[in-house]
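Got a minute to walk through a structure together? Have a look at the model below, and then we'll take it piece by piece.

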Amino acid sequence: MEVVSRHLCRPCHNREKAKRLGQYICQKCHLIIDELPLMYKSDAYHADHYNCTHCGKELTAEARELKGELYCLPCHDKMGIPICGACRRPIEGRVVNALGKQWHVEHFVCAKCEKPFLGHHHFERKGLAYCEKHYNQLFGDVCYHCNHVIEGDVVSALNKTWCVQCFACSTCNTKLTLKNKFVEFEMKPVCKRCYERFPLELKKRLKKMSEKSARK
């Protein structure tokens, strides 16, 4: 029977030995833990090694990890590192500031559908954030033009809602009402005067699209 021998450094030797014995290796000193280990996530520590890197105090479940080192909550907060309002973990990359808190980009989500905003506009109500669709469903209408919640009268046209002051010709910016004649062009209203200036082929195409839509 051939015996294979290997030269191992001390940490690797300890890991091999721990595997054979079914024991843990302390993440702090890299020695085998003979007694019951303290666990943080999937890492094991000697009881006297589970302490804050900065002040040395024994850590609790509120320990924070940064670049492989553990810190107590007060020391971590003094380092000025933002904490996510959702997962309570440190934010090392891009920070979203909203609702008086800071968030990981992927954790700042709609309170209804829980989809992340990823930089898109959100609407706030009673300390919660909502996407446009669910804010509109739950609390009111959002103007298609200015993207703000409509507080006064609502103009409903072209399957959208508008502020009274925002409902205008998209070409000349003349204010419109539902009594005015207008045409839909690129999902926006165009007054009759501007429509008449359109090229003939474009008007034919728009008319055909309008007739097709009316038949549905």
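Let's start with the cysteines, and with the cut-off we'll need: two cysteine sulfur atoms have to sit within 2.5 Å to count as a disulfide. What you're looking at is a predicted model, and by that rule it has zero disulfides. Why does Cys52 not make a bond with Cys55? Cys55 holds the closest cysteine sulfur to that of Cys52, but the gap is 3.7 Å, which is too far for a bond. Cys72 tells a similar story: its closest cysteine sulfur belongs to Cys75, and at 3.5 Å that one is too far as well. As for their surroundings, Cys52 is buried, with just 3% relative accessibility, and Cys72 is buried too, at 13%.

Now step back for the overall picture. The protein is built from five helices and 14 strands. Of its 216 residues, 31% are buried. Its accessible surface adds up to about 15500 Å², and carbon and sulfur atoms account for 50% of that. If you take the contacts between residues at least 6 apart in sequence, 15% of them link residues at least 24 apart.

Next, zoom in on a pair of strands. S7 and strand S8 (residues 101-104) run antiparallel and are joined by four bridges. Within this pairing, Val96 faces Trp103 of S8. The two strands make a hairpin with two residues between them, and the turn includes Leu99, whose phi is positive at about 55°.

That phi deserves a quick aside. Most residues other than glycine have a negative phi. So where else in this model does a residue other than glycine have a positive one? Glu186 is one case, with phi near 55°. You'll find Glu186 in the loop between strand S13 (182-185) and strand S14 (188-191). Glu186 is exposed, since its relative accessible area is 62%.

Arg88 is another case: it isn't a glycine, yet its phi is positive, at about 65°. Follow the chain from helix H2 (73-78) towards strand S7 (95-98), and Arg88 turns up in the loop between them. Is Arg88 buried, exposed or partly exposed? With a relative accessible area of 43%, Arg88 counts as partly exposed. That loop also brings you back to the hairpin, because S7 is the strand at its end and the one that pairs with S8.

Technical notes
Residues numbered from 1 in each chain as written. Predicted model: local features only at pLDDT ≥ 70, side-chain atom pairs only at ≥ 80, totals over all residues. Heavy atoms only, no water. Buried < 20%, exposed > 50% of the residue type's maximum accessible area, 1.4 Å probe, protein only. Pairing = 2+ DSSP bridges. Contact = heavy atoms within 4.5 Å. Areas by Shrake-Rupley, 256 points an atom, 1.4 Å probe, with all protein chains shown as cover.
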